[in-house]
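Here are some notes for a colleague who is opening this structure for the first time, set out as numbered points to be read beside the model.

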Amino acid sequence: MIAPKLDTRQTTPVGSLPTIKDSETPTLILLPSELLVEILRHVDGRSILRCSSVCHKLNRVIDSSAELQYHIELALDCMLDGPQSTLTVAERLEHLRTLRRAWTLFEWKKEVRVPMPGFCQAYELVGGVFAKTSSSGGIHNQSGSRKFISSWLPSSSDPGHTLVREDIGISTRDFAIDPSQDLIALVKSDDNFVNDSGCIEVYIRTISSNVKHPEASSPVLRTLTSFTMTTAFIQIVDDVVGMMFWMELESPHITIWNWKTGQILVDRDGDDLPSHISDFSFISNRAYMITRGINGGSIQIFTFGENEHEIIHIASLSLPPLKSRTHLVHCAIHTGPFVARCLPNTPFCTNQEERMYVLSVQYIQVDPDVPSARPRFFLFLKNSTPLRYIRKYREQRETSSFDVPWEEWGPHESRMLHHQVPYQWLRYVHGYRVVFPLLSGSMQVLDFNVRKTKRHVFPLQSDSKASIEVIDFPSIIYSDCIFSGPIETSLPYRVCRRDELKGFSGVMIDEQRLIGLKSPSFADGDMKDLHVFAF
């Protein structure tokens, strides 16, 4: 190809080109306010907030637009807009501000008791729906549960309702739900195993009608096993169902299916899994983490399903370094439930990427010269931490996983607190809020979405029943017999307390409510009532 010659007759000297003087107004600002709003409504909330600091005109345009304010405040509260409804944008914005004020001041609008009689074998709280399975045999029943109860819990504006199915047609040991997809995954009880071998079956049905889910290609998901399953935990994230389970005489097993196609995306056990696994949790519908107890403990991050059967080890995040002869004996991990989308008739919902993970860790000192102790701690971290390493791995096109020492991530991206009381009931995490039990028998809520904007400042009233404190300074844990040095962590949070939360064996949390339970978890007796505190 021949390069073209420059035609000097068609060029203009640089010095004669028009220039924009510093004093001239940029063209964007000259646009009518209506066009500015139309442009900005396609920008994310945090960017809109930054634009409001550019100049007075943009600030006035953004402040006067209910739609732009709604986008900003959704982002600040880690929410997503809900499905279309009769509510206007201004009404949604008002609902959002009202809910934020209620949580910030820790002032629920009403208390309701929801009857939930009978024994509880398995339970879930997702999307405002509490569900449980039970049987007449109580906790000693070996044939699983066939009765299913689901309660759409009351909110500040809705009385709620309950659905009872006396017999769902199969004997179950566990289940998971996603009300946004009208989806329930039922783990069939293994009481029919023959010669200690067989397969695990997960039935994919609708909550509303107890029939095969219309989006599932097969009514049952299966995986082969060699021995009887002893314990299991099942989770749903969008289009996948995942289980971590243990079997007699064998190490843990992790299986993840695409419940819509029936394809197994992950099926690992024994030599296919790292040793000394404690627990498993999803990060997204294509990523998960496991906790390990060896070499001081770590969080292992994996992605899967991007190419068929490909599982990629992204990173290993080390936990605090330990002294010699000290070992991590247990490291459980818990986060809030996932929903695929906002539920119908809801103006907004929590962004699924904005969530906390709570690690419950226990150590042991085996030095004969040191008194025996098994101290416990809670470690809190945001989902942004594992997601950042996933993005970094992809952007840098890495071929080996990151080994991240505690000093590189833990001190500024987590908060470690002394373990006071063990949790009896799960579902104590939702979004950035975590229920935290105290030795006094009370419960407090830790909110890790700490904002210092005028939108989040609500002075406590003189007659307020709440006690609120912001912890935005580092905390240090001294444990000379466990850690190699003081453990300093600094993730900020807000503490909310009220005396009314005393006397519960556990308190669950979701977007709009706290749910108190009086009976001990999995007690062989009557569960009685749910105490709902609606915000």
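1. Contact is used here for heavy atoms within 4.5 Å of each other. Please keep in mind that this is a predicted model.

2. A useful place to begin is Gln235, which lies in strand 11 (residues 229-237). Gln235 counts as buried because its relative accessible area is 8%, where the cut-off for buried is under 20%.

3. Leaving aside residues up to four places away in sequence, Gln235 touches Ala176, Val240, Val241, Gly242, Phe280, Ser281 and Phe282. For one of these, Ala176, the separation from Gln235 is 59 residues in sequence, while their C-alpha atoms are 5.8 Å apart in space.

4. Further along the chain, strand 13 (residues 253-258) and strand 14 (residues 264-269) run antiparallel and are joined by 5 bridges; Thr255, for instance, has Asp267 in strand 14 as its bridge partner. The hairpin made by strand 13 and strand 14 has 5 residues between the strands, and Gly262 in this hairpin takes a positive phi near 85 degrees.

5. An open sheet is formed by 4 strands in the order 19-21-22-24, with antiparallel pairing. Strand 19 (326-335) and strand 24 (414-418) stand at its edges, and each has a single partner strand, so one side of each is left without a neighbour in the sheet. On average, and with direction ignored, neighbouring strands of this sheet are turned by 20 degrees against each other.

6. How many bridges join strand 22 to strand 24? Strand 22 (residues 376-382) runs antiparallel to strand 24, and 5 bridges join them, with Ser414 in strand 24 serving as the bridge partner of Leu381.

Conventions: Residues numbered from 1 in each chain as written. Predicted model: local features only at pLDDT ≥ 70, side-chain atom pairs only at ≥ 80, totals over all residues. Heavy atoms only, no water. Pairing = 2+ DSSP bridges. Helix = DSSP H or I, 4+ residues; strand = E, 2+ residues; numbered from the N terminus. Axes fitted to C-alpha atoms, helices over the stretch in contact; angles between N-to-C directions. Buried < 20%, exposed > 50% of the residue type's maximum accessible area, 1.4 Å probe, protein only.
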